Amino acid sequence: MNDIIVSMNNISFTYERKKVLDRVNLDIPQGAFIGLVGPNGGGKTTLVKIMLGLLKPDEGEVTLFQQPISQFKDWQKIGFVSQKANSFNRGFPATVYEVVSTGLTAKVGYFRFFNKYHKEKILHAIDQVGMLDYANENIGNLSGGQQQRIFIARALVNDPELLILDEPTVGVDQENVHKFYELLHRLNKEEKITLLLITHDTGTMTEHATDVVCLNKTLHFHGKPEQFEDMKEKDLSMIYGHNVNLVTHHHSPEEQQ
């Protein structure tokens with residue numbers, strides 16, 4: 001049985017007198033690829049912020065890597081790619097290498113030179129996302145999908161065991177969305193990185209995820225992708241509060257390799 005690396009027990013959170021999360025329980029086992037779905041305003045980003053220690057729940061407990069969050073210090077084990085990465089300033093004068101190197105700032109410190117070991121880690125992270133040929137390219141010259149790979153590389157440079165991504169495919173064209181998911185699949189299966197992905201793309205996500213979690217203030221579903229796909233659209237519409245058309249993608253075994 002895989003170790004539980006994140007445990008959230010009876011998490012409740014209120015913002016401006018509005019209940020955002022109500023007694024949410026969620027365990028993330030090592031090696032999982034979890035797709036976190038739900039309506040806008042359903043509490044997905046709030047749940048992640050609590051998981052990252054950025055917000056404190058009104059009630060409940062969070063455990064990270066078998067430690068209470070109040071005692072957890074090894075934050076380099078967790079990588080995070082936020083929604084803000086999608087609105088990156090294309091005019092920012094930095095190369096791919098320089099952007100990825102900022103992921104090491106907390107470890108190395110500001111205004112300090114990277115040694116050979118750090119430089120190799122930066123190049124390795126860029127290579128992990130298939131962008132080594134673009135290491136010296138200005139990041140503003142890259143497509144949205146390519147930029148997202150670079151932001152993942154910046155998160156990977158610290159060798160995280162858990163990678164959290166908040167709506168990473170917003171604004172990315174469909175062809176690059178599929179390539180993006182192939183990258184996540186490889187990081188999960190080959191690099192053994194546990195993934196938590198917040199997404200509205202229920203169709204493509206279910207091809208690669210090991211588990212689907214559906215959240216709208218409370219946890220309405222936590223199970224396998226095929227179980228989620230079997231849910232009736234009227235049941236999902238009740239969870240989301242509006243009509244939902246679940247589009248799924250099925251490929252042959254050869255296409256999934």
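This is a short selection-by-selection tour of the structure, which is a predicted model.

**Stop 1: the sheet**

Start by colouring the strands. Select E6, E7, E8, E3, E9 and E10, in that order: they form an open sheet of 6 strands with mixed pairing. At the edges you will find strand E6 (78–81) and strand E10 (218–223), each of which pairs on one side only. Direction ignored, neighbouring strands of this sheet are turned by 15 degrees against each other on average.

Zoom in on the E6 side. Strand E7 (residues 162–166) runs beside E6 in the parallel sense, and the two pair over 4 bridges. For a landmark, show Ile-78, which stands opposite Leu-162 in E7.

**Stop 2: helices on the sheet**

Keep the sheet visible and add helix H1 (residues 44–51). H1 packs on the sheet and touches strand E3 (33–37), E6, E7, strand E8 (194–198) and strand E9 (211–216). The direction of H1 makes about 145 degrees with that of E8. Next add helix H6 (residues 174–189), which also packs on the sheet, here touching E3, E7 and E8. Its direction makes about 150 degrees with that of E8.

Stay with H1 for a moment. How many of its 8 residues are buried? The count is 6, and H1 is mostly covered. To see them, select Lys-44, Thr-46, Leu-47, Val-48, Ile-50 and Met-51, the buried residues of H1. Just after H1, click on Gly-53, where phi is positive at about 80 degrees.

**Stop 3: E9 and its two partners**

Now move to E9. With 5 of its 6 residues buried, this strand is largely enclosed by the rest of the structure. E9 pairs with E3 in the parallel sense over 4 bridges; show Val-37 and you will see it opposite Cys-214 in E9. The pairing of E9 with E10 is antiparallel, over 5 bridges. There, Leu-215 stands opposite Leu-219 in E10. Follow the chain from E9 into E10 and you pass a hairpin with 1 residue between the strands, where Lys-217 takes a positive phi near 70 degrees.

As background for this stop, strands of a sheet pair through backbone hydrogen bonds, either parallel or antiparallel.

**Stop 4: the nonpolar cores**

Switch to side chains. The largest nonpolar core has 43 residues. Its members with the most contacts inside it are Val-100, Ile-152, Leu-163, Leu-165 and Leu-184, which make a handy selection. The elements that give two or more residues to this core are E3, helix H2 (96–101), helix H4 (116–128), H5, E7, H6, E8 and E9.

Which residues does Leu-184 contact, leaving aside its neighbours within four places in sequence? Select Phe-33, Ile-152, Leu-165, Leu-195 and Leu-197 to see them around Leu-184. Apart from the largest core lies another core, of 29 residues; Ile-34, Leu-47, Leu-52 and Phe-72 are among them. You have already met Leu-47 as one of the buried residues of H1.

**Stop 5: H5 and the loop before it**

Select Gln-147, which sits in helix H5 (residues 144–156). Is this residue buried or exposed? Gln-147 has 4% relative accessibility, so it counts as buried. Its side chain reaches the backbone oxygen of Ile-139 at 3.1 Å, so try drawing that distance.

Step back to Ser-143, in the loop between H4 and H5. Ser-143 is partly exposed, with a relative accessible area of 29%. Draw another distance from Ser-143 to Val-172: C-alpha to C-alpha, the two are 8.4 Å apart in space, while 29 residues separate them in sequence.

**Stop 6: the loop between E1 and E2**

Finish at the loop between strand E1 (4–15) and strand E2 (18–29), where you will find Glu-16. Phi of Glu-16 is near 50 degrees, a positive value in a residue other than glycine. Arg-17 lies in the loop between E1 and E2 too, and has a positive phi of about 70 degrees although it is not a glycine.

Colour by accessibility here. Glu-16 is exposed, with a relative accessible area of 67%. Arg-17, at 85% relative accessibility, also counts as exposed.

Technical notes. Residues are numbered from 1 along each chain as its sequence is written. Side-chain values use heavy atoms; hydrogens and water are left out. Two strands pair if DSSP finds at least two bridges between them. Axes are lines fitted to C-alpha atoms, for helices over the stretch in contact, and angles run from 0 to 180 degrees between N-to-C directions. Contact means heavy atoms within 4.5 Å. Buried means under 20% relative accessible area, exposed over 50%, partly exposed in between (1.4 Å probe, protein chains only). A polar contact is a pair of N or O atoms within 3.5 Å; within protein, one must be able to donate a hydrogen and the other to accept it, and residues adjacent in sequence count only if both atoms are side-chain atoms. A nonpolar core is a set of buried Ala, Val, Leu, Ile, Met, Phe, Trp, Tyr and Cys residues joined through side-chain atoms within 4.5 Å.
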